[in-house]
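Thanks for coming, everyone. I'd like to walk you through a protein that's new to most of us, so let's put it on the screen.

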Amino acid sequence: MERKKLVRSRKDKYLGGVCGGIAEYLNTDPTLIRLLFVLFAIFGGPGILLYLILWIALPEESAAA
């Protein structure tokens, strides 16, 4: 059984692929994840900072995947 890895998406990305990667990992709609990040950013949460940290920390999905 192959273990899922949290990576930035190459095929479902608008900016850095973070939301697409999280959505693939959680098996959910990427639009929902993007909406959550926007809501966190608008209402004083850590949305933008968290996104930037994840963009730096998460490896990009390999081309073979």
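Let me start with a question: how far apart are the mean positions of the positive and negative charges of the protein? They're 5 Å apart, with 8 positive charges and 6 negative ones going into that. Keep in mind, by the way, that what you're looking at is a predicted model.

Okay, the overall layout. We've got 3 helices and 0 strands, so reading from the N terminus you just get α-α-α. The radius of gyration is 12 Å, and the globule rule gives 11 Å for 65 residues, so this protein is as compact as a globular protein of that length. If you'd rather think in terms of a box, the C-alpha trace spans about 40 × 20 × 20 Å along its principal axes.

What about inside and outside? Of the 65 residues, 31% are buried. The accessible surface comes to about 4900 Å², and carbon and sulfur atoms hold 66% of that.

Now, the core. Which residues make up the largest nonpolar core? There are 9 of them: Val 18, Cys 19, Ile 22, Ala 23, Ile 33, Phe 37, Tyr 51, Leu 54 and Leu 58. Helix 1, which is 18-26, helix 2, at 30-42, and helix 3, at 47-57, each put in at least two residues. Helix 1 gives the most, with 4.

Have a look at Val 18 in that core. Leaving out residues up to four places away in sequence, Val 18 touches Arg 8, Tyr 51, Leu 54 and Trp 55.

Next, let's go to the segment before helix 1, where you'll find Val 7. Is Val 7 buried or exposed? Buried: its relative accessible area is 15%, and the cut-off for buried is under 20%. Setting aside residues up to four places away in sequence, Val 7 touches Gly 21, Pro 59, Glu 60 and Glu 61. Take Glu 61: it sits 54 residues from Val 7 in sequence, yet their C-alpha atoms are 5.4 Å apart in space. On that theme, among contacts in the protein with a separation of 6 or more, 40% come from residues 24 or more positions apart.

Last stop: the loop between helix 1 and helix 2, which is where Asn 27 is found. Asn 27 isn't a glycine, but it has a positive phi of about 55°. With a relative accessibility of 69%, Asn 27 counts as exposed.

That's my tour, so over to you.

Methods: Residues numbered from 1 in each chain as written. Predicted model: local features only at pLDDT ≥ 70, side-chain atom pairs only at ≥ 80, totals over all residues. Heavy atoms only, no water. Rg over C-alpha atoms; globule rule 2.2 N^0.38 Å. Buried < 20%, exposed > 50% of the residue type's maximum accessible area, 1.4 Å probe, protein only. Contact = heavy atoms within 4.5 Å. Areas by Shrake-Rupley, 256 points an atom, 1.4 Å probe, with all protein chains shown as cover. Lys, Arg positive; Asp, Glu negative; His and termini not counted. Charge placed at Lys NZ, Arg CZ, Asp CG, Glu CD. Core = buried A, V, L, I, M, F, W, Y, C linked by side-chain atoms within 4.5 Å.
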